[in-house]
Amino acid sequence: MTTPAPADGRPRLLMVMPYRQFVRKAQAEGFWVGAVWDPRLESPEYLDDVRALADLYLETDFQDPELLRRSLREAAREHGATVIYHIGREETMVTAHEVAEELHAALNPAAAIRFLADKHAMRDLLARHGLSPVSFEAAPTRREVPGAVERIGCPAVVKPAALAGSRGVFLWQEPQDRAAWTALVDAYGYDGPFLVEEYLRGPEYSVETLSRDGRHQVVGITEKLLGPPPLFVEVGHVHPAPLPEDRRRAVEDLTTELLTACGYRFGPAHTEVIWTERGPRIVESQARLGGDRIPRLVELATGLDIEQAIFTALADRPVALPEATATAIVRFFTFPPGRISEIRGLETVAGLPCVDELSLKLSPGGTVPEVRDSKSRHGHVIVSGATAEEARARSAEVLAALEVVIDGTPVRADGRTSVLGTPV
């Protein structure tokens, strides 16, 4: 534990797993920031940066709920924390908010976080309120999943209720898929619980919101670009989503109705919605910012730093939500598995003025791992344009220019292979 800053009148914010930028941005709004981390969740170099930035740094074991509770209670009491807050990964959110509620240092009731963190609880809540009707069934362990799939009917989506980041989500299309699904959950070492739902067909979106005093402001809607079934790994996002006005309003209204029903009071939420032939249906929602660099897309499209806005609102200052004046796109690289002999076009792509961010996790001589979830994708690029058409054209240009030679075959980042330099 680092030595706390001397008393200086700043409100004291104790955060569970705050990323580096959260510490900086909270401090910029006048907060003393204590950071609580599990050292297994980030690299030592990253956590050294957090340690250097934070006014207090504390490590504990997030896999031990009682130890996490005790660590939070002791740190909050010793250092006079006025707020305990968690907008990192979902797995420990409920525990942190329960302690915050116990110590009268909560921004949200723990029940609201539980509804958003627990996929089954959220489905039950929606059903009670007559919102977003979806056929679903809970399966406590993997043994009950095949029966639930049969009752829901194929195709059905099977979700590990306690995993985040789309890990283990699987489209069960026919009885023979049981072997592939079993291999997938074996790979994660996961036995339950699960949620089995009807397969919702249609384009998918995420709604980014900021809530304050129980009032929910829609920052914007992002279009999701999905990979093929059965895993549907996200391969990109477009912000703002190209939606007709009536659909946009329907998606926004459903999202805010969910957050109100949950009792959510403060902070960001990331709500996923599919537009079906019956209208919008909620997939799930989380009490945090969207991942996959969506906050950066929002900033490029609107000028709003949504991360900073959280702490501006927490400091009880007004937050203006500007309209989008551009379109921003992130595309993730998902190359086929194999041995890498060469990477072409990386410097060319990096030098393009439209490229805001570029990351490639592959290198010559290495191997390309199989993509089975968002964590195993091979890198990303972010571009923006004055119009949606311009942004899409720039994204296509980048994906066509980047090429990895895998097992002797050149494969472009847009998925097309090349023979003697000619796309096929």
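The legends below describe close-up views of a predicted model.

**View 1. Confidence across the predicted model.** The protein has an average pLDDT of 93. At least 70 is reached by 96% of the residues. Residues 1–6 are another matter: pLDDT stays under 50 there. For this stretch the model has 17 contacts beyond four places in sequence.

**View 2. An open sheet of eight antiparallel strands.** The strand order is E13-E12-E9-E10-E11-E14-E18-E16. The pairing is antiparallel. Strand E13 (279–286) and strand E16 (355–360) stand at the edges. Each has a single partner strand, so one side of each lacks a neighbour in the sheet. From one strand to the next, the twist averages 25 degrees.

**View 3. The E16 edge and its partner.** Strand E18 covers residues 379–385. E16 and E18 run antiparallel and are joined by five bridges. One residue pair to look for is Val 355 with its bridge partner in E18, Val 383.

**View 4. Strand E14 between E11 and E18.** E14 follows E11 and precedes E18 in the order of the sheet. Four bridges join E14 to E11, and the two run antiparallel. Here Gly 236 stands opposite Arg 331 of E14. Towards E18, E14 has six bridges, again in the antiparallel sense. Thr 327 has Gly 385 in E18 as its bridge partner. E14 is mostly covered, with five of its six residues buried.

**View 5. Helix H10 on the eight-stranded sheet.** H10 spans residues 294–302. The helix lies across strand E9 (204–212), strand E10 (215–226), strand E11 (234–239), strand E12 (267–276), strand E14 (327–332), E16 and E18. Its direction is at about 25 degrees to E11.

**View 6. Thr 271 and its surroundings.** Thr 271 belongs to strand E12. Is Thr 271 buried or exposed? Its relative accessible area is 0%, so Thr 271 is buried. Contacts beyond four places in sequence show what surrounds this residue. Thr 271 touches Tyr 205, Ser 206 and Val 207. It also touches Thr 255 and Leu 258. Ile 282, Glu 284 and Ser 285 complete the list. Phe 232 gives a reference point: its C-alpha atom is 17 Å from that of Thr 271, and the two residues are 39 apart along the chain.

**View 7. An open sheet of four parallel strands.** The strands are arranged in the order E3-E2-E1-E4. Their pairing is parallel. Which strands stand at the edges? They are strand E3 (56–59) and strand E4 (83–86). Each of these has a single partner strand, so one of its sides is left without a neighbour in the sheet. The twist averages 20 degrees from one strand to the next.

**View 8. Strands E2 and E3, with helices on the sheet.** Strand E2 is made up of residues 32–37. E2 and E3 pair in the parallel sense over four bridges. Gly 34 has Leu 56 in E3 as its bridge partner. Helix H2 (residues 44–53) lies across E2 and E3. H2 runs at about 140 degrees to E3. Helix H4 (residues 93–102) also packs on the sheet, touching strand E1 (12–16) and E4. The directions of H4 and E4 make about 170 degrees.

**View 9. Aromatic pairs.** The whole structure holds ten aromatic pairs. Trp 37 and Tyr 46 form an edge-to-face pair. Their centres are 6.3 Å apart, with 65 degrees between the planes. Trp 37 counts as buried, at 0% relative accessibility. Tyr 46, at 11%, counts as buried too, because the cut-off is under 20%. Tyr 190 and Phe 194 form another edge-to-face pair. The figures here are 5.1 Å centre to centre and 90 degrees between the planes. Tyr 190 is buried at 8% relative accessibility. Phe 194 is buried at 2%.

**View 10. A ring cluster and two charges over rings.** Ring pairs link Tyr 19, Phe 22, Trp 37, Tyr 46 and Phe 311 into a cluster. Elsewhere, Arg 12 lies over the face of Trp 32, 4.4 Å from the ring centre. Arg 372 places its charged end over the ring of Tyr 188, at 4.6 Å from the centre.

Methods
Residues numbered from 1 in each chain as written. Predicted model: local features only at pLDDT ≥ 70, side-chain atom pairs only at ≥ 80, totals over all residues. Heavy atoms only, no water. pLDDT = per-residue confidence, 0-100. Contact = heavy atoms within 4.5 Å. Pairing = 2+ DSSP bridges. Axes fitted to C-alpha atoms, helices over the stretch in contact; angles between N-to-C directions. Phe/Tyr/Trp six-rings, centres within 6.5 Å; stacked < 30°, edge-to-face > 60°. Buried < 20%, exposed > 50% of the residue type's maximum accessible area, 1.4 Å probe, protein only. Lys NZ or Arg CZ within 6 Å of the ring centre and 35° of its normal.
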